[in-house]
Amino acid sequence: MLDKISHKIVPTFNQKVELSGTFAGEPFVFSVTLLGQQYPQYLILGLGYQARWEKVLPAIKESENLRLKLISDEGEMIAAHVSLIHATHFPEKLLFMSYPEQGIARSLRQSPRVGIDYPAQLQVANHFPYINGSIVDIGRGGVGFETTQQLPSMMSDLCDRDVKLHIGKDDQQRWSLSGRIRLLQEHRPNVWHVGIKCELSVAECEEVLYHLVSHQNAIDRLINNDQSNDSYSNNTLQV
């Protein structure tokens, strides 16, 4: 049974998606960028400057079974059949694809994530210096890390690299979680999102989560401002 997926397709900055199918009896897979949409008419996909137009276009046009696959912001894998509506290669190589209303949506996460905002440093195996940023979500299956730090060119090859995530401020580090990078994308302009898989026990997850929720940035700022208790509203410390 197919799922209704139209509301799940929300383009983010430079979101990478996959087009796959079969052409002349041979399977193909192209990595393209979801640039935008005109709901419910079409999706706009962009090809990189290095893409060979004479190879991509015939395969897309004549594919016997063209499929689109992407990862949603909710951590779901979405797959659906699409078809080519229009294509142009000037001034940019763009594909206008039919907008899928139904498809398959499957969660890639075995446990829910809790949104958070807490400083951390990412240590990549055999790479120095550390990457400064913040934990933005956490669950038993892993951690979401974001940074505005300019990433080195080698970051594009970091998927499946072993990492350590040092949680806390420089003088108050309490945990170091080991894991592996499963997702790396420019989530917004100059903001990189790194998905890190690290298996935590229930007890470990609860301990880390309790500390992070109790000491996240919003509360730290209130404490550092040294405001009087009388000035706080009842909603001040809601997290």
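**Exercise 1. Work out which strands β2 pairs with, and in what sense.**

Solution. Start with β5: β2 and β5 pair in the antiparallel sense, over three bridges. Keep in mind as you go that this is a predicted model. For a spot to look at in this pairing, find Glu18, which stands opposite Lys69 in β5.

Next, turn to β3. Strand β2 (residues 15-23) is joined to strand β3 (residues 26-38) by nine bridges, and the two run antiparallel. To check one of the partners, pick Leu19: its bridge partner in β3 is Phe30.

Finally, look at the turn. β2 and β3 make a hairpin with two residues between the strands, and Ala24 there takes a positive phi near 55°.

**Exercise 2. Decide whether Ser63 is buried or exposed, then list what it meets.**

Solution. First, locate the residue: Ser63 sits in the loop that links α1 (53-62) to β5 (67-71).

Second, apply the cut-off. Buried means under 20% relative accessible area. Ser63 has 16% relative accessibility, so it counts as buried.

Third, follow its side chain to the backbone. The Ser63 side chain reaches the backbone nitrogen of Asn65 at 3.3 Å. A polar atom of that same Ser63 side chain also lies 3.5 Å from the backbone nitrogen of Leu66.

Fourth, look further along the chain. Leaving out residues up to four places away in sequence, Ser63 touches Gly21, Thr22 and Phe28. Two of those names take you back to Exercise 1: Gly21 and Thr22 fall within β2, residues 15-23.

**Exercise 3. Describe the surroundings of β12: its neighbours and how covered it is.**

Solution. Begin with β11. Strand β11 (residues 131-139) pairs with β12 in the antiparallel sense, over five bridges. The two form a hairpin, with two residues between them. One partner to find on screen: Ile135 has Phe145 as its bridge partner in β12.

Now go to β15. Strand β15 (residues 191-197) pairs with β12 over six bridges, again in the antiparallel sense. Here, Gly144 has Gly195 as its bridge partner in β15.

Then check how covered the strand is. β12 (residues 142-147) is mostly covered, with six of its six residues buried.

Last, sort the residues by the way they point. Gly142, Gly144 and Glu146 go one way, while Val143, Phe145 and Thr147 go the other, and all of them are buried.

Key: Residues are numbered from 1 along each chain as its sequence is written. This is a predicted model: local features need pLDDT of at least 70, side-chain atom pairs count only at pLDDT 80 or more; totals for chains, interfaces and linings use all residues. Side-chain values use heavy atoms; hydrogens and water are left out. Helices (H or I, at least four residues) and strands (E, at least two) are DSSP runs, numbered from the N terminus. Buried means under 20% relative accessible area, exposed over 50%, partly exposed in between (1.4 Å probe, protein chains only). A polar contact is a pair of N or O atoms within 3.5 Å; within protein, one must be able to donate a hydrogen and the other to accept it, and residues adjacent in sequence count only if both atoms are side-chain atoms. Contact means heavy atoms within 4.5 Å. Two strands pair if DSSP finds at least two bridges between them.
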